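Visitor: Before we look, I would like to ask how each label used here is earned, with the reasoning laid out step by step.

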Amino acid sequence: MNLQTPSQMFQTLSSFCDTVLSNQPYDSKTHMGMYSTCILYSQQTQGNAQKLFQLIHQKCIMKLKVLLKQTQQINSTLDFLRFYITNYKLYLISCQKISHVFSYLDRFFIKQQKAINGEYSNPVFKHCMSLFWCDFLRANATNIVENTMNLLLAERIDNNTQNRELINGIMLLFLSFSNPEIVTVSLMNLNIYDNYYQSEYIKAAQSYYKDLNNYFKNYGITEFLEKTIEIIELERQRSQLYVAANLQREFGEFLQKQFISEQCKFIIEKMESLLKTREKDDLKKCFTVLKDGEQVDSAIPVFEVYCKKIGMEKVKCIMSIQQAFEIIKVIIEYYEDITNLIQECFRNHPSFNAGFGRAFREIINSNVKIANGEEMEILIPEYLAKYSDIVVKKCVGVDELNNKLDQIFCIYDFIENKDIFENYYIKAIAKRMLLRGNNDDLSQENIVFDRHRVKFSSTFSYKIQKMMSDLQISQSLSNQFLATVNVPFPFFVNVLQTSVWPLEPQQFMFELPDELKTSHIFFEKWYIKQHQRRKLQWLHQYTRGKIKTNCFNKSYNLFGSAYQLSILVLFNQKNEITIDEIFNTIHLTMDIIKSIISSLQSVDLISVEDGNIVKINNSFKYAKTKFVLPIPKAVVFKQEKKEEEREITAERVGLIEACIVRLMKKNRKMQHNDLMQAVVTSLSSRFRTPIPLVRRTIESLIEREYISRSDVRKDEYIYIE
């Protein structure tokens with residue numbers, strides 16, 4: 001290698017800069033030679049490094065001035081933009097090459113400058129790239145961005161994506177001047193990308209969205225939704241290409257506020273009509289836009305009003321229905337209809353479920369008068385219990401039973417007076433168990449009990465478990481009795497615990513006919529001998545049996561209640577009997593006797609003459625030799641209704657008393673309003689607490705000296721130790 005003088009070295013490096021900036025090729029040997037020359041020249045004198053730095057600065061400025069002059073000759077917008085993108089990439093490569101060759105300046109000269117006079121010069125690469133903005137791009141920056149926004153507007157209007165790469169290139173060009181690895185700190189502080197590109201992009205988008213909002217109002221709702229979803233999707237695609245990654249979330253919020261939110265307002269206005277007509281495809285699109293705009297909660301009031309309106313229409317339809325099964329069936333159909341709508345159209349969104357839950361709870365717990373003039377809040381828990389009983393009786397197979405129980409539990413969750421449901425339901429379970437009787441028939445009850453144990457209170461589950469245990473013991477007890485004592489005819493006895501079974505004895509002295517009485521007397525004597533300290537009380541209203549007839553053309557096996565069979569047995573003595581004789585013989589109430597006679601008359605077993613004489617129908621015929629006599633349900637309902645209401649009220653009073661004493665014992669002193677609120681809140685999971693009942697209970701506790709009124713404040717109560 002021939003040694004060069006300093007001036008020759010400088011000239012060589014100057015020519016190399018021209019070669020690099022003009023994008024002419026050279027080999028790696030030349031590159032490394034220039035690298036060594038730079039080091040040799042810089043080390044000869046202290047000022048040589050400064051001269052090289054100034055040389056690079058001047059060469060870059062000359063190159064950029066030439067490029068700037070060339071832009072004046074470009075007429076095409078697309079060519080104008082491509083020129084900047086292309087020359088930026090070439091200039092970037094050139095600066096990288098120069099930076100490597102003159103890297104000695106970065107390692108020693110710049111640090112030395114800072115050590116000597118405290119001044120800090122930028123690295124060669126950052127200095128050269130900063131010149132690209134100062135001496136070339138800045139002059140036409142506004143024009144470049146304006147032309148780019150025009151291309152973007154054309155794309156938005158015509159959906160022509162052929163210039164996407166070009167627009168993306170301009171965005172990356174401006175974004176590069178926010179990169180600390182490319183430009184100087186002073187240039188970064190100018191916020192070139194934000195001030196020139198991003199601000200104009202936002203303005204263009206805002207103007208476009210405003211025009212769209214006015215234009216879309218001319219569309220029908222279906223086309224409006226389709227266009228809105230299309231625009232949202234396209235704008236999000238464009239933001240990924242035309243917006244810096246770190247600003248895409250901010251632009252997403254801008255898109256939501258300026259465009260989607262405005263569309264959501266119009267959608268919410270039209271949503272009620274879409275719900276009425278059940279335009280499910282349009283509702284799905286509505287939800288898509290609402291979710292994108294985070295405006296789902298704004299649509300919930302409209303949906304909730306719709307659910308209430310539909311629900312109240314259903315209530316009006318069931319006002320005349322007096323059958324528990326049909327009423328609950330209508331309510332379940334309504335519940336499933338709305339839940340299916342939420343799942344299908346609103347993707348089972350929690351806010352829609354919550355809105356429907358509020359509406360449904362208000363509907364089934366309302367004070368609307370329905371069947372028999374009674375209020376829905378009282379009847380629905382009772383009817384749901386009766387419906388549950390019917391479903392369990394009719395269901396065939398475990399899957400069907402579980403599906404029906406799921407429906408029942410869904411309605412149960414929304415009932416406020418759960419204690420009414422449990423009161424009626426446990427009685428229905430008790431009667432159903434007594435009818436099924438043996439362990440084989442109770443297998444289905446075990447399945448139901450497993451579901452109850454998860455859903456209902458521990459007290460409720462305990463009672464059911466004890467009832468099932470009583471039936472198992474009763475079967476063993478009856479088998480033992482029949483094996484020990486000879487009776488005129490076999491019969492099965494269920495011995496039930498009074499504290500567990502929700503069954504009350506009859507309020508009149510019913511007396512069995514002599515034909516049925518004997519077996520009962522035998523069992524009483526045998527049982528008392530086995531259990532001397534226990535007392536038996538017969539519940540004949542729940543007794544069922546079978547008799548065989550021999551008075552007709554063919555023999556029949558009739559299944560019925562003890563009351564029905566007792567009346568039929570009386571005809572063993574004579575073919576006709578008066579109602580007064582029936583009353584004097586078995587001592588049933590006159591209402592029950594007339595109801596039973598009516599049920600027997602409905603199947604032509606008997607006939608009534610002159611309103612008092614009852615005759616057996618000797619010409620009775622029936623297609624089947626075995627059949628069940630109709631049950632006079634209305635009589636049972638009339639007798640038990642008031643008693644059931646008293647039981648519910650008594651149970652509520654007990655719970656309220658326990659709650660008040662517990663709260664007073666814990667707090668020692670409580671003001672009246674605080675105590676009332678605490679009681680209502682504590683018992684809300686069981687029933688809607690009647691305020692007058694709470695007040696009466698407080699007065700009762702004061703009289704019994706559990707609590708007392710404060711001498712200081714009239715509205716304050718004190719717990720008595």
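Visitor: What makes the lining of the largest cavity divide into nonpolar, polar and charged residues as it does?

Guide: In this predicted model, the lining of the largest cavity divides into nine nonpolar residues, one polar and one charged. Among the 11 lining residues, Gly311, Lys314, Val315, Ile331 and Ile363 are the closest to the centre of the cavity. Val and Ile count as nonpolar, Lys as charged and Gly as polar, so Val315, Ile331 and Ile363 belong to the nonpolar group, Lys314 is charged and Gly311 is polar.

Visitor: Why is this space called a cavity, and how much space lies in it?

Guide: The largest cavity holds about 70 Å³ of space, and the name cavity applies because a 1.4 Å probe fits there but cannot get out. Helices α13 (296-317), α14 (324-345) and α15 (350-364) each supply at least two residues of its lining.

Visitor: How many cavities of 30 Å³ or more does the structure hold?

Guide: There are two cavities of 30 Å³ or more, and the second largest contains about 40 Å³ of space. Leu21, Asn23, Lys63, Asn87, Leu90, Tyr91 and Ser94 line the second largest cavity, and helix α4 (residues 77-101) gives the largest share of that lining, four residues. Here the division is three nonpolar, three polar and one charged; Tyr counts as nonpolar, so Tyr91 joins Leu21 and Leu90 in the nonpolar group.

Visitor: How do you know that domain 1 and domain 2 are in contact?

Guide: Contact requires heavy atoms within 4.5 Å, and 15 residues of domain 1 meet that condition with 12 residues of domain 2. The C-alpha centres of the two domains lie 42 Å apart, and domain 1 and domain 2 bury about 1200 Å² between them, 55% of it on carbon and sulfur atoms. Arg164, Tyr201 and Ile202 supply 40% of the area that domain 1 buries against domain 2, more than any other three residues.

Visitor: Why is the pair of glutamate 155 and arginine 238 called a salt bridge?

Guide: The closest N and O atoms of arginine 238 and glutamate 155 are 3.1 Å apart, and the cut-off is 4 Å between a side-chain nitrogen of Lys or Arg and a carboxyl oxygen of Asp or Glu, so the pair qualifies. Two salt bridges are counted between domain 1 and domain 2, while a search of the whole structure finds 28.

Visitor: What parts does the pair of glutamate 155 and arginine 238 tie together?

Guide: Glutamate 155 lies in helix α6 (residues 124-158) and arginine 238 in helix α10 (residues 221-242), so their salt bridge ties together parts that are 83 residues apart in sequence.

Terms used. Residues are numbered from 1 along each chain as its sequence is written. This is a predicted model: local features need pLDDT of at least 70, side-chain atom pairs count only at pLDDT 80 or more; totals for chains, interfaces and linings use all residues. Side-chain values use heavy atoms; hydrogens and water are left out. On a 1 Å grid over the protein atoms alone, a cavity is a set of points where a 1.4 Å probe fits but cannot get out, and a pocket is an open set with protein on both sides within 12 Å along at least five of seven lines; lining residues have an atom within 4 Å of a point. Grid points are joined across faces, edges and corners, and a volume is the space filled by probe spheres set on the points. Domain bounds come from an automatic or database domain assignment. Buried area is the accessible area (1.4 Å probe) that two parts lose on being put together, summed over both.
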